[in-house]
Each structure stands twice: as structure tokens, then as C-alpha cells.
Amino acid sequence: MSSPPFNVLSTNAVDLQRLLVEGKTTSVQVVQQYFAQIDRHEHELNAFISPAPRDKVLRVATALDEERQKGHVRSPLHGIPIVLKDCFITASSLGMSTTAGSLAFVGSTTSKNSAIAQLLIDAGLIILGKTNMTEFAGMKMTMMMPGWSSHGGQTLSPYVRQIEENETILGHSAPGGSSTGSAVAVSAGFSPLAMGTETIGSIITPSSRNGLYALKPTIGVQDASGLYTMTDFYDSPGPMAKCAADVRALTSILLRRDFSSSNMGSWAGLSVGFVDQKLWTLPAELCRPHEGTEEQLAEDYVKVIEALKKHGCSLKYPVDVPDASVLPNVISLAHWDFKHMTVPKFIAAFDNCPVGSVEDIVAFNEANRDRAMPPPYTEQNDLEKAMNSNDDPEHMQKIKDELRKTARQILDRAFEDNGVNLLVGPVDSGFCIHASAAGYPVATLPVGQLRYNGRPFGMVATARRDEEEVLLRFQAAYEAAWNPRPLPDLAR
């Protein structure tokens with residue numbers, strides 16, 4: 001059987017599953033088409049940090065095809081490829097490393113998969129490789145370019161292709177957040193699905209800058225064993241994809257919940273509050289202004305609101321949400337968690353690991369400065385702050401409790417005062433900080449592309465705790481009402 005070619009840039013996982021069910025292709029043939037796209041463009045974009053050995057991938061795809069032929073289908077994503085951010089530990093027998101982007105973890109081995117990697121494998125997904133990420137999700141050096149790691153180098157946007165000279169970390173040519181490699185792999189057609197993780201904006205920003213739909217579920221509802229996180233307080237893993245249906249299918253597996261309600265895509269029961277985009281922007285030190293971009297972002301934001309109104313969305317604009325300056329101690333707890341909680345758990349998940357503590361990581365980087373801290377990333381000031389973070393655990397818990405309570409009060413008041421169950425704002429802002437502090441889920445919605453360089457941009461929506469279904473329904477209704485997501489021009 002010859003497989004009909006499909007467009008790797010636009011075809012989604014639901015489409016692929018339909019082809020598989022109808023017997024028009026096989027998982028082996030699907031995987032081979034993604035391999036071909038990787039061969040064409042990975043050298044330009046550097047999305048992968050550790051590709052899976054292709055012979056192993058093809059053996060897995062063959063076995064899943066055989067299961068399908070015998071009538072055994074593990075899930076709605078049986079036989080579909082996926083990539084994982086380089087913080088999901090995978091068993092060494094699969095042939096991929098797990099380093100969180102750090103050279104200090106090269107050579108670590110383990111016989112076990114992380115809980116989420118195992119969940120995906122059990123559901124019949126095919127892991128094509130690990131994707132590059134900002135080293136330690138940014139917990140190394142302040143103002144380090146997103147998508148750069150000492151082990152993986154710099155990932156680039158398939159839309160922009162280069163980072164402008166002296167670019168700021170969230171500038172318009174910057175690729176976007178610690179899950180950059182995962183987002184680029186999906187938008188560049190290397191995989192239909194990806195897993196990322198988010199502290200504050202680490203899924204949302206790169207997904208937006210790659211024209212993707214994505215979701216960061218409620219913090220703490222997934223089994224994070226075998227997963228590198230910067231903090232337990234902010235972090236949550238989540239899916240990234242080309243369409244709302246793909247995010248929904250993958251979220252169903254991750255959360256073990258059925259999201260196939262009959263009103264998926266309907267506006268019924270959804271009420272949306274949009275913040276004033278003029279009050280929610282990025283400071284110049286994070287995103288250097290470019291002539292016309294702020295005006296375009298504001299114009300398109302209003303165009304989306306007008307379009308959703310016409311399609312029957314119940315919405316209120318503008319709604320008031322205080323900016324993030326009202327939240328106490330947003331950053332300080334990350335250094336403490338990193339040293340005392342998350343890095344020790346990450347190290348303990350390996351059978352063998354070259355480092356045993358944050359102090360060991362700092363020492364390794366100093367001893368291997370030419371490779372671990374090359375120009376312009378010649379510092380490790382955040383690692384050093386973490387190494388020296390020795391506050392009393394009870395004091396730190398008090399800080400966390402206060403922050404979570406304050407953030408939830410702010411968002412809950414906004415939901416209640418405005419009579420809405422969703423709050424929406426621009427991604428290029430601090431809007432998602434509240435949700436991270438509150439532990440609430442967030443989702444991305446592609447809007448358009450900047451006229452001057454083609455970089456996509458989007459919106460971010462948040463709902464109350466455990467209300468992922470509200471976000472998934474909004475994504476589906478939004479997708480039907482707004483323009484198709486932009487595709488990169490990789491032929492230029």
C-alpha cells in the first residue's frame with residue numbers, strides 16, 4: 001500500500017488518525033513522512049536535542065500497526081507521533097537522553113520512564129525525540145535567550161529564522177519560552193503533537209509564537225514523577241498542537257477525563273471577559289518596541305472580539321484585572337524550590353547521574369566553562385541564587401500560601417464581578433502570571449502574524465481550577481469563528 005502524502009505543516013493528529021482508521025496509511029508511513037521533514041529543515045531550526053533512534057521508532061510504529069490490524073487500538077491517538085521536551089525522563093533503552101538542557105546531566109541513565117512518558121507510550125503514541133529547551137527552563141542565567149541550552153544550542157523560529165542582533169528575551173524575533181523546541185517541532189511539521197512544561201509562560205509564549213493551540217492544565221493534577229520542573233508551585237506539563245481537537249484528545253489522555261461532550265465547539269455556557277489590551281503589554285527591556293507592532297496587536301485583538309461577538313460569544317470587554325505587581329514574592333520561591341525540591345527529585349529519578357546537587361551543577365559549569373557557559377551566556381547567576389537559597393521551609397510555605405491565596409482572590413473576584421467563566425488577555429504581556437500563581441489552567445489561541453517579520457502572536461485564556469473543559473470548549477468555538485492558524489514558509 002502506498003501512503004497518500006499529507007501536508008506535515010497543516011495536517012493534525014485527528015486527521016492522521018482518520019487516515020489510519022480508514023486504512024489509507026500506516027503509522028510506519030506517517031513516521032517516515034515526519035522523518036523526511038526533519039531531514040529537510042532540522043539543520044536550520046535546531047528543534048531537537050536528542051532525536052530517537054529511527055530504527056527503534058520504526059519498530060514501535062510497526063508493532064502499533066500490527067496491533068491495529070488485530071483490532072486493538074489503545075486510544076484515539078494510537079500510532080500518532082509526538083515529541084517531548086527534554087525534561088520528561090525516558091528510559092535509556094529508548095535511546096534518548098534527558099538533561100533539562102544541561103551538559104551536567106549528559107550521561108545520566110535510567111531504566112524507567114517518567115509517569116507521563118509512560119502514560120503516552122501506553123496510549124500508543126510514538127515518541128520521535130526530545131526537544132530543545134531553555135536550560136533548566138531559565139533557572140541558569142537571567143535574561144538568557146529562550147530556546148538556548150548549553151547541551152542543545154539555540155532553537156530558532158520557523159517563521160523568523162533568525163534572532164535579531166541584541167534582541168531582548170521576549171523580542172519579536174525571539175522564539176519564545178522554555179518549551180521552544182516542542183513548539184517549533186509542531187509548527188515546522190516535525191511532529192503533529194508535542195509536550196511542554198510551563199512555569200510562567202513556558203508553554204503559552206512559544207505556542208503563541210508558533211501559531212499553536214496549547215493547554216497548561218491545573219497545577220498539581222498530573223503525576224510529575226520523573227519530570228524536571230523548576231518549581232512544584234508553578235509548573236505543569238501540557239500539550240501543544242495545530243488544532244483544538246488535538247489538544248483535547250491529548251488532554252483526555254493526560255488527565256484521564258472524557259472531553260468529548262456534544263456541545264464541544266458551542267458557545268453555550270461560555271462567558272468571556274477580555275482585559276484591556278492597552279494595559280497589558282511587555283516592558284521595553286523584555287520586548288524592544290518595533291514600529292507598528294503595538295498598533296497591530298491592539299487592532300487584531302479588537303478584531304477578534306468583534307468576530308467572536310458576531311458568532312454568538314457572550315463576552316464583556318474590557319474587564320478589570322490588577323496587574324502582576326500586586327502579587328507578592330513571585331520569583332523568590334523558585335530559587336528555593338529548585339534547590340530543595342525539584343532538582344533533588346529530578347536527580348533521584350535516574351539510576352545513575354553525574355551530579356548530586358545544585359552545588360555540583362554549579363561546579364560542573366565552572367569546570368567546563370567553555371562548553372557550559374560560552375559567550376554570551378557566561379554567567380549562572382540564577383543557579384548561584386538557588387544554591388544559596390536556604391530559607392526556612394515553614395517560611396517558604398507561608399510565602400507560597402500567601403501568594404496562592406492572593407492570586408486566587410484576584411482572579412475569582414474578576415470572574416464573579418464580571419459574570420464570566422473565562423478571562424482572556426494578550427500573550428505578549430504578564431497576563432498569565434496570575435494563573436500560574438493561582439494554580440489555574442491556561443490555554444492559547446492563535447490570532448495572526450506580525451506584518452514586519454511574520455512572527456505569530458496570540459491570546460491566552462484562563463479558567464478556574466479544574467475547569468480545563470471550559471478552556472477546551474472555548475478553543476474549539478474560537479477556532480471555528482476565527483482565521484486559520486498561520487503556517488511557516490519553509491521554502492524561502
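1. A pocket, in this note, is an open set of points on a 1 Å grid over the protein atoms alone, with protein on both sides within 12 Å along at least five of seven lines. With that in hand, here are some friendly remarks on the structure, which is a predicted model.

2. Let's begin with the largest pocket. Its volume is about 1200 Å³. The lining counts 40 residues, and those closest to the centre are Ile169, Leu170, Ile200, Leu286 and Ile331. Two elements, helix 9 (332-348) and helix 14 (432-438), give two or more residues to this lining.

3. How do the residues of the lining of the largest pocket divide into nonpolar, polar and charged? There are 23 nonpolar residues, 14 polar ones and three charged ones.

4. The second largest pocket holds about 340 Å³ of space. It is lined by 25 residues, of which Trp280, Thr281, Glu294, Leu297 and Asp428 are the closest to its centre. Helix 8 (293-310) and strand 13 (456-462) each supply at least two residues of that lining. The largest share, six residues, is that of helix 8. If you sort this lining by class, you get 14 nonpolar, six polar and five charged residues.

5. Now to the sheet. Eleven strands form an open sheet with mixed pairing, in the order 1-3-2-6-8-7-12-13-11-9-10. At the edges are strand 1 (48-51) and strand 10 (314-319), each of which pairs on one side only. From one strand to the next, the twist averages 25°.

6. Strand 9 (residues 271-275) deserves a look of its own. Is this strand mostly covered or mostly open? It is mostly covered, with five of its five residues buried. Buried here means under 20% relative accessible area. On one side the buried residues are Ser271, Gly273 and Val275, and on the other they are Val272 and Phe274, so both faces of the strand are covered by the cut-off just given. As general background, side chains in a regular strand alternate between the two faces of the sheet.

7. Strand 9 also has two pairings worth following. It runs parallel to strand 10, and four bridges join the two; Val275 has Val319 of strand 10 as its bridge partner. Strand 9 is parallel to strand 11 as well, with three bridges between them, and Gly273 stands opposite Leu423 of strand 11.

8. Strand 11 (residues 422-426) takes the path onward to strand 13: the two are antiparallel and joined by four bridges. Within this pairing, Leu423 has Thr462 as its bridge partner in strand 13, while Gly425 stands opposite Val460. Leu423 therefore links to this point and the previous one, as bridge partners Gly273 in strand 9 and Thr462 in strand 13 follow from the DSSP bridges that define pairing.

9. Why can strand 11 be called largely enclosed by the rest of the structure? Because five of its five residues are buried.

10. Finally, a helix that packs on the sheet strands. Helix 4 (residues 115-122) lies across strand 2 (81-85), strand 3 (126-131), strand 6 (193-198) and strand 8 (236-241). Relative to strand 2, helix 4 runs at about 180°.

Conventions
Residues numbered from 1 in each chain as written. Predicted model: local features only at pLDDT ≥ 70, side-chain atom pairs only at ≥ 80, totals over all residues. Heavy atoms only, no water. 1 Å grid on protein atoms, 1.4 Å probe; cavity = no way out; pocket = protein on both sides within 12 Å on 5 of 7 lines; lining within 4 Å. Points joined across faces, edges and corners; volume = space filled by probe spheres on them. Nonpolar A, V, L, I, M, F, W, Y, C, P; charged D, E, K, R; others polar. Axes fitted to C-alpha atoms, helices over the stretch in contact; angles between N-to-C directions. Contact = heavy atoms within 4.5 Å. Buried < 20%, exposed > 50% of the residue type's maximum accessible area, 1.4 Å probe, protein only.
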